[in-house]
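User: I'm new to reading protein structures. Could you walk me through one, feature by feature?

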Amino acid sequence: MRDITVFSGSAHPELAEEICSHLGTRLHPVQLNRFANDVIEVQLQANCRERDVFLIQPLVPPVQEHLVELLLMLDAARGASAARTTVVLPHYAYARSDKKDAPRISIGARLVADLMVAAGASRVLAMTLHSPQVHGFFSVPVDHLHALRELAAYFRQYDLSNTVVVSPDLGNAKEAAHFARLLGTGVAMGAKQRFSDDRVVISSVIGEVTGKDVIVLDDEIAKGSTVIELLDRLREQRVRTVRVACTHGLFSGGAIERLSSLPEVEEIVCTNTVPPPKPSDKLTVLSIAPALAEAMRRIHDGESVSALFSTS
């Protein structure tokens, strides 16, 4: 593609390579140095002057290292006279810090959004933000894609005549309802209370799930505490089978092993917004590179992206 320059940070270069393959353009190298005092230096290894620059970097562990790397890449692109710099953010880890739900805590999602804009971001292309209000924390245009279509296309291979989509909580209910419409199934949700990062209580499941094949849909699975708690309630409701689906499969702290060990879980499906965990017999990883590549092409050509990120 003419006048487009794509770089990747060190967070997920495999995804960046796949995106560039779909775009038909090369992924340009980035030189990353670390000085003796632990300071990071970034140099973009291609001409950026008056070009449309895309920086691909999900914020995955170590999140703070990858965030600083992204900020330095933004600053380097601005200093190199890029015409426009778009951050391609497959996973925005700070999106979970989106509200002041306790005294004297920071709203990290807004702060980090401000940092990206201050460093030189002209536009952001994100995938499945944790909540809709995070979109409004950015003072530059945001194109917000969802992976529901990729997930739905995969699940249509199964017999869905006895299936219900279950959201672990009310916060994800709208996405679960849309996913259920795409599949032509019913929808249910858990009544969840969160007490800490890894302690949640789901008191009940709202909706008819007894004897059903269940698809549990969440935006992100980290430790898996919420899904495991939900599975306890679903077991009490005597569901027939369970498949687990999410966009961001972080699977930290042995989550994939714990979920795979549960006999009622037939399959775990995620996308490659983050580097996938080690292979498991029950794990299926779908690629969102084609969707991100098409969105980048449309942004570059000045075309509408709404058809890709609309979930209405």
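Analyst: Sure! Start with the secondary structure: this protein chain has 9 helices and 15 strands. Keep in mind that the model is predicted.

User: Okay. What does the C-alpha trace span along its principal axes?

Analyst: Roughly 60 × 40 × 35 Å for this chain. Another handy number is the radius of gyration. A compact globule with 312 residues would have one near 20 Å, and this chain has 20 Å, so the two agree.

User: Which domains is the chain divided into?

Analyst: Domain 1 covers 4-145 + 289-309, and domain 2 covers 148-281. Notice that domain 1 is written as two stretches of sequence. The centres of the domains, taken over C-alpha atoms, are 28 Å apart. In the contact between them, 16 residues come from domain 1 and 15 residues from domain 2.

User: How much area do the two domains bury between them?

Analyst: About 1200 Å², with 48% of that on carbon and sulfur atoms. You can also count interactions: there are 8 residue pairs in polar contact between domain 1 and domain 2. On domain 1, the side touching domain 2 gets at least two residues from each of α1 (13-23), α8 (289-301) and α9 (306-309). Sorted by class, that side has 10 nonpolar, 4 polar and 2 charged residues.

User: And how many salt bridges are there between the domains?

Analyst: Just 1 salt bridge is counted between domain 1 and domain 2. The structure as a whole holds 20 salt bridges. To read one, check the N to O distance: for the side chains of arginine 96 and glutamate 220, it's 3.4 Å.

User: Can you show me another pair?

Analyst: Try arginine 233 and glutamate 229, whose closest N and O atoms are 2.9 Å apart in a salt bridge. Both sit in helix α6 (residues 225-236), and because they are 4 residues apart, about one helical turn separates them.

User: What about the backbone? What should I look for there?

Analyst: Two angles, phi and omega. Generally, most residues other than glycine have a negative phi, and most peptide bonds are trans. Now for the exceptions here. Glutamate 50 isn't a glycine, yet its phi is positive, about 55°.

User: Where is glutamate 50 found?

Analyst: In the loop between β4 (40-44) and β5. As for omega, look at proline 61 and proline 62: a cis peptide bond joins them, with omega about -5°. Proline 62 lies in the loop between β5 (52-56) and α2 (63-79).

Terms used: Residues numbered from 1 in each chain as written. Predicted model: local features only at pLDDT ≥ 70, side-chain atom pairs only at ≥ 80, totals over all residues. Heavy atoms only, no water. Domains from an automatic or database assignment. Contact = heavy atoms within 4.5 Å. Buried area = accessible area lost by both parts, 1.4 Å probe. Salt bridge = Lys/Arg side-chain N within 4 Å of Asp/Glu carboxyl O. Polar contact = N/O pair within 3.5 Å; in protein donor to acceptor, adjacent residues only side chain to side chain. Nonpolar A, V, L, I, M, F, W, Y, C, P; charged D, E, K, R; others polar. Rg over C-alpha atoms; globule rule 2.2 N^0.38 Å.
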